[in-house]
Amino acid sequence: LPGAAPQLEPLAGLVSEKPRNRRRESRVSLGPSRALQRAPLPRVGRGHATRGGSLLARSGLFDSRYNTPFGLVPHRPTEGSIGRTNASGFRDRDRAVERTSPAPRIVALGDSFTWGAGVTYDDTFVTLIEQQLQTEWPGTEVINLGGSGFQPDEYLSVLKWQGLQYRPDLVLLNFYIGNDFLPSEGADMVVAGLRWKVHINGNWVHDHFSWDHWYLFHDLNYAYKVGQARLRHATGNDQGIWDIKPGRPQSAAKSPTFTGWSPEYLRIVQSRGDQYLKETTPAFEYRWNKTRITLEETNQLLRSRKVPWALVLLPAEEQVDSELRKLYQGSIQTPQDRVDFGKPQQVLHDWAKANGVPIIDLTETFRSEVPRARLFLANDFHWNEAGHAVATTGMLPPLKLLLRQSGPEGSVR
């Protein structure tokens, strides 16, 4: 139907495909059967180690009345001119799958930065870029497929099962340096489409057999949360992603006045400090290898479809704000000559060059603007309205060049 969201037909065939590993299969096989939706609680899957499969993770347990296959909530109130998320749960208006215009069509993948956490729909850089491109190419679409908490493996899943259906002229993969090296803060596990953090410390026995590495523990945790959600729903107090009550807005309240970085925020910065060490740690090497594999799969997929794409680097605040950087360096024991805040970008630049992938790096753009204006929410690593505007300014010139080079639908050249 015109204006309707994609129906995600490929999802139905996921179970029959041979996955690369069990964990990857459980990440994307989120659709519960109707019988399972009505199953009484608790329903617990088999307990396996990290490399094993999970019956619960593969079959699903959550009630899908509101949640989409990507864990998003369709038609959820959101601030901005669109009023609500679209039929697929993304923070965008519903888009027709079939193209009706020769104007450029871009798909934007990403996490909460692309979604626009902390600002209205109209202030997100994705929306602003669409508006700016329309002044040169009327009818241009920049389709927002970002989701809070997504990481590169989710970007690939969304691209594969939804993004490519739009037949884009260009794909933007918006990579947030702060937590997009897979998996952030150690290993992780996906149960029924929801990501759970798993602690790793380099000890082989601990990293393979500790309680948080078993699906059974996370299955029980998940069943407990769903039980709570259904109880809240029964009493009229439901909340959160587990069971959204229609009509409850998702607030994008204004950030409080910035008066300095809190100890809690500094601890967030410290938690990702290993990626800034000149000497690569085993933990960062592990995370980069996981990330690299996902980026290579993304590149292979898009090349096979002859779809151009670009890797957009979104810097962390400590990389562009010298005062926060000084505060961070004063809080750690590592000598300054062993720290390189540009290392993550260099790793990605090297990979992109070796694979022929264009990069749009916003690091210097933000670094030059930070002394002039506050670009981040107070004690929150997301951008404020000014930050999204700066991102738009930095992305537009290389983006226009890429569109002219790709010649979408014969109209841009």
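Q: How many salt bridges does this predicted model have?
A: The count comes to 16 salt bridges. The model is predicted.

Q: Why is the pair R93 and E130 called a salt bridge?
A: The closest N and O atoms of R93 and E130 are 3.3 Å apart. The cut-off is 4 Å, between a side-chain nitrogen of Lys or Arg and a carboxyl oxygen of Asp or Glu. The pair therefore counts as a salt bridge.

Q: Which parts of the chain does this pair link?
A: R93 sits in the loop between α3 (55-59) and β1 (105-110). E130 sits in helix α5 (residues 125-136). The two are 37 residues apart, and the pair links distant parts of the chain.

Q: Why is E130 called buried?
A: Its relative accessible area is 4%. Buried means under 20%, so E130 is buried.

Q: What makes R93 partly exposed?
A: R93 has 35% relative accessibility. Partly exposed lies between the buried limit of 20% and the exposed limit of 50%. R93 therefore counts as partly exposed.

Q: What makes E141 and R95 a salt bridge?
A: Their closest N and O atoms are 3.4 Å apart. The limit is 4 Å, so the pair qualifies.

Q: Why does the pair of E141 and R95 tie together separate parts of the chain?
A: E141 lies in strand β2 (residues 141-146), and R95 lies in the loop between α3 and β1. These parts are 46 residues apart in sequence.

Q: Buried or exposed: what are E141 and R95?
A: E141 has 17% relative accessibility, and R95 has 3%. Buried means under 20%. So E141 counts as buried, and so does R95.

Q: Why do E136 and R404 count as a salt bridge?
A: Their side chains meet at 2.3 Å, N to O. That is within 4 Å, so the rule is met.

Q: Where do E136 and R404 lie?
A: E136 is in helix α5, and R404 is in helix α15 (residues 385-406). The pair ties together parts that are 268 residues apart in sequence.

Q: Which residues join into one network through shared partners?
A: Salt bridges that share partners join D92, R93, R95, R105, E130 and E141.

Q: How do you know that R272 is buried?
A: R272 has 6% relative accessibility. The cut-off is under 20%, so R272 counts as buried. R272 lies in the loop between α9 (263-271) and α10 (282-304).

Q: Why is the pair R272 and E318 called a polar contact?
A: The side chains of R272 and E318 are in contact at 2.8 Å. The limit is 3.5 Å, so the distance fits.

Terms used:
Residues numbered from 1 in each chain as written. Predicted model: local features only at pLDDT ≥ 70, side-chain atom pairs only at ≥ 80, totals over all residues. Heavy atoms only, no water. Helix = DSSP H or I, 4+ residues; strand = E, 2+ residues; numbered from the N terminus. Buried < 20%, exposed > 50% of the residue type's maximum accessible area, 1.4 Å probe, protein only. Polar contact = N/O pair within 3.5 Å; in protein donor to acceptor, adjacent residues only side chain to side chain.
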